[in-house]
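Below are my notes on the model, set out as numbered points. They cover burial, overall layout, helix packing and a few single residues.

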Amino acid sequence: MYVCLCRGVTDHAIREAVSEGARSWREVRKRTGCADQCGKCASMGKNITRDAIARE
Ligand code: FES
C-alpha cells in the first residue's frame with residue numbers, strides 16, 4: 001500500500017530500504033524520499049520503519 005502519496009512510497013519500499021541497510025527513520029527518508037513534502041505520512045512511515053527494523 002502507499003504510505004506516502006506525495007512521493008509514491010509504499011510500505012514495501014520502506015521495508016526494502018531497511019533490508020538494504022537503513023537503520024533509522026532518517027535513513028529510510030533519505031533513501032525513499034518518504035515525508036519529504038507535506039509530511040502527513042511521517043508517523044505511519046516511522047511506525048513501519050520501526051517494525052521493519054525490529055524484524056531484521
Ligand atoms: Fe508523504 Fe505527503 S504523503 S510527504
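1. A cut-off comes first, as several points rest on it: a residue is buried if 20 or more other C-beta atoms lie within 10 Å of its own, exposed if 12 or fewer, and partly exposed in between. S19 has 11 C-beta neighbours inside 10 Å, so S19 counts as exposed. S19 is found in helix α1. The model discussed here is a predicted one.

2. Overall layout. The protein chain has three helices and two strands, and along the sequence these follow the pattern β-β-α-α-α. Taken along the principal axes, the C-alpha atoms fill a box of roughly 30 × 20 × 15 Å. The radius of gyration is 10 Å, which agrees with the value near 10 Å for a compact globule of 56 residues.

3. Burial and contact range. Of the 56 residues of the protein chain, 29% count as buried. If one takes the contacts between residues at least 6 apart in sequence, 49% of them join residues at least 24 apart.

4. Helices α1 and α3. How do these two helices pack? Helix α1 covers residues 11–19 and helix α3 residues 42–55; the angle between them is about 45°, and their axes are 9 Å apart. That angle makes α1 oblique to α3. The crossing of the two is right-handed. On the α1 side the contact is made by D11, I14, R15 and V18, and on the α3 side by G45, I48, T49, A52 and I53. By class, the residues of this contact are five nonpolar, two polar and two charged.

5. Helices α1 and α2. Helix α2 spans residues 25–32, and its axis comes within 10 Å of that of α1, with a crossing at roughly 115°. This places α1 roughly perpendicular to α2. Here too the hand has been assigned: α1 passes α2 in a right-handed crossing. The residues that meet are A13, I14, A17 and V18 in α1 and V28, R31 and T32 in α2. This contact of α1 with α2 has five nonpolar residues, one polar and one charged. I14 and V18 are listed in the contact with α2, and I14 and V18 are also listed in the contact with α3.

6. Residue V3. V3 lies in strand β1. Is V3 buried or exposed? V3 counts as buried, because it has 23 C-beta neighbours inside 10 Å. Not counting residues up to four places away in sequence, V3 touches V9, T10, D11, I14, C34, C41, M44, G45 and I48. Among these partners, D11 and I14 belong to the α1 side of the contact with α3, and G45 and I48 to the α3 side. The C-alpha atoms of V3 and K46 are separated by 10 Å, with the two positions 43 residues apart along the chain count.

7. Residue M1. M1 is found in the segment before β1, a strand that runs over 2–4. M1 is exposed, with 7 other C-beta atoms within 10 Å. Leaving out residues up to four places away in sequence, M1 touches T10 and D11. M1 and A13 are twelve residues apart along the chain, and their C-alpha atoms are separated by 9.7 Å.

8. Residues S19 and S24. S19 and I53 are 34 residues apart in sequence and 8.2 Å apart in space, C-alpha to C-alpha. S24 sits in the loop between α1 and α2. S24 is partly exposed, with 13 other C-beta atoms within 10 Å. Between the C-alpha atoms of S24 and T49 the distance is 7.2 Å, and the two are 25 residues apart in sequence. I53 and T49 both appear on the α3 side of the contact with α1.

9. Residue A35. What is the phi of A35? Phi of A35 is near 70°, a positive value in a residue other than glycine. Most residues other than glycine have a negative phi. A35 lies in the loop between α2 and α3. With 22 C-beta neighbours inside 10 Å, A35 counts as buried.

Note on methods:
Residues numbered from 1 in each chain as written. Predicted model: local features only at pLDDT ≥ 70, side-chain atom pairs only at ≥ 80, totals over all residues. Axes fitted to C-alpha atoms, helices over the stretch in contact; angles between N-to-C directions. Helix = DSSP H or I, 4+ residues; strand = E, 2+ residues; numbered from the N terminus. Parallel < 35°, antiparallel > 145°, perpendicular 65-115°, else oblique. Left-handed = near helix turned anticlockwise from the far one by under 90°. Contact = placed C-beta atoms within 7 Å. Nonpolar A, V, L, I, M, F, W, Y, C, P; charged D, E, K, R; others polar. Rg over C-alpha atoms; globule rule 2.2 N^0.38 Å.
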